[in-house]
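Here is a short report on the structure shown below. It goes from the fold of one chain to helix packing, the chain contact and some backbone details.

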Amino acid sequence: MATDRAAGRSTDKGERGGMNNSDLTILSQAGVTPDSTLSRVVSSRGNIIGMTQVAEEAVLRPKETGAFSHDLRASIAARVARLAGDEALAAYYAADAGQYAALADPGTPGVQYKELAAVLSFVDKVANQTREATADDVAGLQHAGVSDADIVRLCELVAFLAFQIRVIAGLRLMQRGTV
Amino acid sequence: MTRIIHRFTRKVPEWQPRVVPVKLEEATPQQLEALKVTPSNTKVSDYVLTLAHDVESLSVRSPLFNAIMYDRGGMSREERELGALAASMVNRCVYCAAVHADRHAKLAKDETVTDELFAKGEMADLDPRNKAIFDFSRKAAEAPPSAGQEDIEALSKAGLSDEEIFDLILSSSLFGWANRLMHVLGDPVSRKETA
């Protein structure tokens, strides 16, 4: 039927600087569709949702990558999402992991990526045993030759993901409640 | 002599970085631009100078932080601080917990809630609304997050609107981010006494 194609496909470009829900990771991952009850609830915080997407760009695909290329960052992001039990978000990031695809699986032995062993154990600890992180963990990276600027970059990546994972998890819970 | 603080307190410590912060006199134009907007909007702290190592993140993080914690409407500022505090307690970010317990006490004009939380943690005796807020936020802060449908329902039952619930999700999650910077990149230390 010719009318089907146009129906319900009107985009809301223009809102949030030309982004629609499918461009916004937290909304698309939580399954928040335009015109839904939940979409109306969150619309008053459109600025925050838009800035969260800009933050994703800044930690996943920054212009200045330091020691962590875009594909390595995507792989670390997939790994952190998987550690948090979010397979859908892990798959979203793993799609860009390129040569580092295997590293996205926390179960993969570190043999292939020996030079990244210190980085990966730091990532895993900061992601999921945050309270146990100590000065020794930062010193460990420094001894492994990671610069202070790269330590901050790595922390921002893992820390942003902790935020994004929890916003998505919360929205999914709200979404289930409104169905 | 500085002493690392390990116990939760409302007395805000100093923060001592574990890496070398960017030196203001050596900052790039982009770093200087990002340093103008900080979560506290006061002098440039060692914390913000540390984050300036990743200027692209800092540039978006500061306005995002301010929007989540301070934008008008929705959940009260006091209750957003409670979400921030719950996450900071789960992640044992003593510095973050001090700042946000102090803000909560000042906004609420009441120290009993944060006294009770620091004394008893998740066993704290709180009114139903504060309890629902604290319980959701602390479970959401666990890794992996463990908040469930029943925690959202408890928030609704305690009288929170959907807009307030979303604001709580944002403020408690934000501290999943902030705690992983502050607690990992530095130590909370006692303030130096001026001789």
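## Burial and overall fold

This is a predicted model. Of the 195 residues in chain B, 49% are buried. The C-alpha atoms of chain B occupy a box of roughly 55 × 35 × 30 Å along the principal axes. The radius of gyration of chain B is 17 Å. A compact globule with 195 residues would have a value near 16 Å, so chain B agrees with that expectation.

Chain B has 9 helices and 2 strands. Read from the N terminus, the order is β-α-α-α-α-α-α-α-α-α-β. A strand therefore stands at each end of the series, with the helices between, given that elements are numbered from the N terminus. Sequence-distant pairing is also on record for chain B: among contacts between residues at least 6 apart in sequence, 73% join residues at least 24 apart.

## Helix packing in chain B

Two packed helices are described by the angle between their axes and the distance between the axes. How do H7(B) and H9(B) cross? Their axes come within 9 Å, at roughly 40°. That angle makes H7(B) oblique to H9(B), because it is neither under 35 degrees nor in the 65 to 115 range. The crossing is right-handed.

H7(B) contributes Ile133(B), Phe136(B), Ser137(B), Ala140(B) and Ala141(B) to the contact. From H9(B) come Leu168(B), Ser172(B), Ser173(B), Phe175(B) and Gly176(B). By class, the contact of H7(B) with H9(B) has 6 nonpolar residues, 4 polar and no charged.

## Helix packing in chain A

In chain A, helix H7 spans residues 117–128 and helix H8 spans residues 135–143. Their axes come within 9 Å and cross at roughly 160°. H7(A) is therefore roughly antiparallel to H8(A). This crossing is left-handed.

On the H7(A) side, the contact uses Ala118(A), Phe122(A) and Lys125(A). On the H8(A) side, it uses Asp137(A), Gly140(A) and Leu141(A). These residues divide into 3 nonpolar, 1 polar and 2 charged.

## Contact between the chains

The contact joins 42 residues of chain B to 47 residues of chain A. Which helices of chain B supply at least two residues each? They are H2 (46–51), H3 (55–70), H8 (149–157) and H9 (162–185). H9(B) gives the most, with 16 residues. The side of chain B that touches chain A has 23 nonpolar, 10 polar and 9 charged residues.

H9(B) thus has two roles in this description, because its axis comes within 9 Å of that of H7(B) and H9(B) also gives the most residues to the side that touches chain A.

## Backbone details

The peptide bond from Ala143(B) to Pro144(B) is cis, with omega near -5°. Pro144(B) sits in the loop between H7 (128–141) and H8 of chain B.

Two residues other than glycine have a positive phi: Asp35(A), at about 70°, and Arg92(B), near 50°. Asp35(A) belongs to the loop between helix H2 (25–30) and helix H3 (37–43) of chain A. Is Asp35(A) buried or exposed? Asp35(A) is exposed, because 10 other C-beta atoms lie within 10 Å and the cut-off for exposed is 12 or fewer.

Arg92(B) lies in the loop between helix H4 (77–90) and helix H5 (94–108) of chain B. Arg92(B) has 16 other C-beta atoms within 10 Å, so Arg92(B) counts as partly exposed.

Methods:
Residues numbered from 1 in each chain as written. Chains lettered and ligands numbered in written order. Predicted model: local features only at pLDDT ≥ 70, side-chain atom pairs only at ≥ 80, totals over all residues. Helix = DSSP H or I, 4+ residues; strand = E, 2+ residues; numbered from the N terminus. Rg over C-alpha atoms; globule rule 2.2 N^0.38 Å. Buried ≥ 20, exposed ≤ 12 C-beta atoms within 10 Å, placed from the backbone. Contact = placed C-beta atoms within 7 Å. Axes fitted to C-alpha atoms, helices over the stretch in contact; angles between N-to-C directions. Parallel < 35°, antiparallel > 145°, perpendicular 65-115°, else oblique. Left-handed = near helix turned anticlockwise from the far one by under 90°. Nonpolar A, V, L, I, M, F, W, Y, C, P; charged D, E, K, R; others polar.
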